[in-house]
Amino acid sequence: MKVDLGLLDYLIMIIYFVFVLGIGWVLRRHMKNANAFLEAGRSMPAWVAGLAFISTNLGALEVMGMTGSGMKYGMLTTHFYWIGAIPAMIFLALFMMPFYYGSKARSVPEFLKLRFDEKTRGLNAILFAVMTILASGISMYALALLMENVLGWDFNLSLWISALIVLCYTYLGGLSSAIYNEVLQFFIIVIGLLPLVFLALKDVGGWIGLKAQLAPIATAKGYAADAFTTTWKHAGAATSNPLGVEWFGILFGLGFVLSFGYWCTNFLIVQRAFAAESKSAARKVPLIGALPKMFIPFLIIVPGVIALALSNNPGSGFILPDSPGGGPDYNLTIIMLLKQYLPTGVLGLGITALLASFMSGMAGNVSAFNTVWTYDIYQSYIRPGTNNEEADGKHYLKVGRLATIFGILLSIASAYIASKFGNIMDFLQTIFSMINAPLFAVIFLGMFWKRTTGHAAFTGLLAGFLVALLHHGLTIPQGAETVFKGGWLGIAHTYPVEMAQNFWTAIIAFTTSTTLTVVITLLTRQKKSDEELRGLVYSLTPRTLKEDVPWYEKPVGLAIVVGVICVVLSILFW
Amino acid sequence: MVDIRIPIGLMFSILGLIISVYGLITMSDSEIYRKSLGININILMGVVMLVFGLVMLYFARRKKK
């Protein structure tokens, strides 16, 4: 499974790293206070923040995972994009961004503090800080493991060198540097994977040839002939499509609860829009991100679908190595495809694209962590601001920089924990996904119902999370071997596939959180005055004046364009 | 703040140039390109990257004026 790189491939990689570090170096002199370092001075043009917004999400685990899913589930994987991301991004842009950005909150936990109370902020800030560090550790572990297995590099060396590079550019240039590098990474991923899609598609005889090759594979598995190349057509019942989830689970679980929870409340993502230069730019950020997002499936899912055809064609010579747990290791699909088709030169580009996505994922986590740590934990509970704003700005800059170093050291530590207990990391990732659904319920109610109280929000958040945990403990996907997949309290229900279990965990967490928040709001008194809630709640915020720009530059105009393209794509691949 | 289009443009121009030159050198070497279905993908992508890089630099310069 080793990929042999030539000197030229290494040269390409080195040139990329020189630019990555160079960006941090050039930006370092702009980092005069905490605001510049942790919030990029709120000065990013919409297109830069928009590409960074989508790039943060396009981490290596996403690229590798989605190509693997393409091979497992076929085109149904596009549900994670067209229904599982675009509607939520439009909603964030049009309905939530005005309150996030307008509130002047510097982070999502701080928004919770302004809208609700201190305890709600504290709960979210601590969960988020722990979660981002562990997530970044998991990503680093995966990176080092990949370099060891595929490129033959030393595990420890890869881990420390990649951490050092990320540390250098985030320490020097803060969020601005992370955002700039995400934009650079976006282009290198697109350009690095383009030759792969082109060659693979040509090899199987284009889309029509691919459909013809997949038909016998689908029939042999007991599905309709076009099950791997359609999206909604066979979603009527869970058993008639490879994904194993029916339309309701896809629409409500993935399309609503999971995606709105992720895109609208995950600070890692939303932080990019917070860094925009104006409210109108902030509203355009998710929409500008949505434009390329809709086409990313052609770059990373279609190659996976092609890999499915190749692996069933002995003449192609394409085989996926086995995973340590047995069965093919779907995560390696993209690497094996790169190896299959790309000669030295473009191969280096493809591998650089993967490395780039790993590092910017880490940088994203670290830059979100140091913001939440500095503002929501350090400034709130350890050293509050004084009246001297200038001295404070310098002090918190220092704290932010130290947090960057500590954040990366903690990530390295958790990467080593992950290398010892791989399964525990799977489990932790499942748990993290439980935080978002209740958070969305609470923020949504807070923004659109002025009566929602702090006590209600706190209880809703905590109960939603605990119920999700309970549901995971009581259910199990079919064929699960470890307790980390669920059923560690007892087995009350068995799901046909793990994805169905995840969707229902989120649905139940969201429903519990919403219900409890509503009920407790009705039982408690609102302590915040209307004046305090101005700019945070829909009904108490004055409408902004109409801007004098052409329709396509307005958020609503852009949202319509995005929506129409998304519907057209869904129909084309129905 | 520095215009992000400058580093992007520079990097892709340099990478594009290197990869297309390599593609030119290996033009007659059919062994390398057996993987890529006989297509000299290096020249193809090298030129795409070079054009992309130059377009980025052009826009960065135009904005400055």
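With 574 residues, chain A would be expected to have a radius of gyration near 25 Å if it formed a compact globule, and the value of 23 Å found for this chain agrees with that. The model examined here is a predicted one. Along the principal axes, the C-alpha atoms of chain A fill a box of roughly 70 × 55 × 50 Å. The secondary structure of this chain consists of 22 helices and two strands. Of its 574 residues, 56% count as buried. Contacts that span long stretches of sequence are well represented: when contacts between residues at least 6 apart in chain A are considered, 79% join residues at least 24 apart.

Chain A is divided into two parts, and it helps to have their bounds at hand while looking at the structure. Domain 1 of chain A takes in 7-21 + 36-205 + 253-382, and domain 2 covers 421-542. The centres of these two domains of chain A, taken over C-alpha atoms, are separated by 24 Å. Where they meet, 27 residues of domain 1 of chain A are in contact with 24 residues of domain 2. On the domain 1 side, the elements of chain A that give two or more residues are α6 (86-102), α7, α8 and α11 (247-265). By residue type, this side of domain 1 is made up of 16 nonpolar, eight polar and three charged residues.

Two of the helices on that side, α7 and α8 of chain A, also pack against each other. Helix α7 spans residues 108-115 and helix α8 residues 118-151 of chain A; their axes lie 7 Å apart and make an angle of about 170°. An angle over 145 degrees counts as roughly antiparallel, and α7(A) is therefore roughly antiparallel to α8(A). From α7(A), the contact draws on A:Val108, A:Pro109, A:Glu110, A:Leu112 and A:Lys113, while α8(A) supplies A:Glu118, A:Thr120, A:Arg121, A:Asn124, A:Ala125 and A:Phe128. Five of the residues in this contact of α7(A) with α8(A) are nonpolar, two are polar and four are charged.

The loop between α6 and α7 of chain A holds A:Lys104. This lysine has a phi near 65°, a positive value in a residue other than glycine. A:Lys104 is exposed, because 12 other C-beta atoms lie within 10 Å. Although A:Lys104 and A:Leu536 are 432 residues apart along the chain, their C-alpha atoms are separated by 9.8 Å. A positive phi is found in chain B as well: B:Leu37, which is not a glycine, has a value of about 55°. B:Leu37 is placed in the loop between α1 (5-25) and α2 (41-64) of chain B. It counts as partly exposed, with 13 C-beta neighbours inside 10 Å.

Turning to the two chains together, 27 residues of chain A are in contact with 20 residues of chain B. The elements of chain A that give two or more residues to this side are α1 (7-27), α9 (155-203) and α15 (333-341). The largest share, ten residues, comes from α9(A). The side of chain A that touches chain B divides into 18 nonpolar, seven polar and two charged residues.

Two of these contributing elements, α1 and α15 of chain A, can be followed further into the chain. Eight of the nine residues of α15(A) are buried, so this helix is largely enclosed by the rest of the structure. The buried residues of α15(A) are A:Thr333, A:Ile334, A:Ile335, A:Met336, A:Leu337, A:Leu338, A:Gln340 and A:Tyr341. Their cover includes α4 (60-73), α8, α9, α14 (296-311) and α16 (346-382) of chain A. Helix α9(A) thus appears both in the cover of α15(A) and in the side of chain A that touches chain B.

Helix α1 of chain A contains A:Val20. A:Val20 has 26 other C-beta atoms within 10 Å, and since 20 or more are needed for a residue to count as buried, this valine is buried. Apart from neighbours within four places in sequence, A:Val20 is in contact with A:Ile165, A:Tyr169 and A:Asn181. A:Val20 and A:Arg115 are 95 residues apart along the chain, and their C-alpha atoms are separated by 38 Å.

Methods: Residues numbered from 1 in each chain as written. Chains lettered and ligands numbered in written order. Predicted model: local features only at pLDDT ≥ 70, side-chain atom pairs only at ≥ 80, totals over all residues. Contact = placed C-beta atoms within 7 Å. Helix = DSSP H or I, 4+ residues; strand = E, 2+ residues; numbered from the N terminus. Nonpolar A, V, L, I, M, F, W, Y, C, P; charged D, E, K, R; others polar. Rg over C-alpha atoms; globule rule 2.2 N^0.38 Å. Axes fitted to C-alpha atoms, helices over the stretch in contact; angles between N-to-C directions. Parallel < 35°, antiparallel > 145°, perpendicular 65-115°, else oblique. Domains from an automatic or database assignment.
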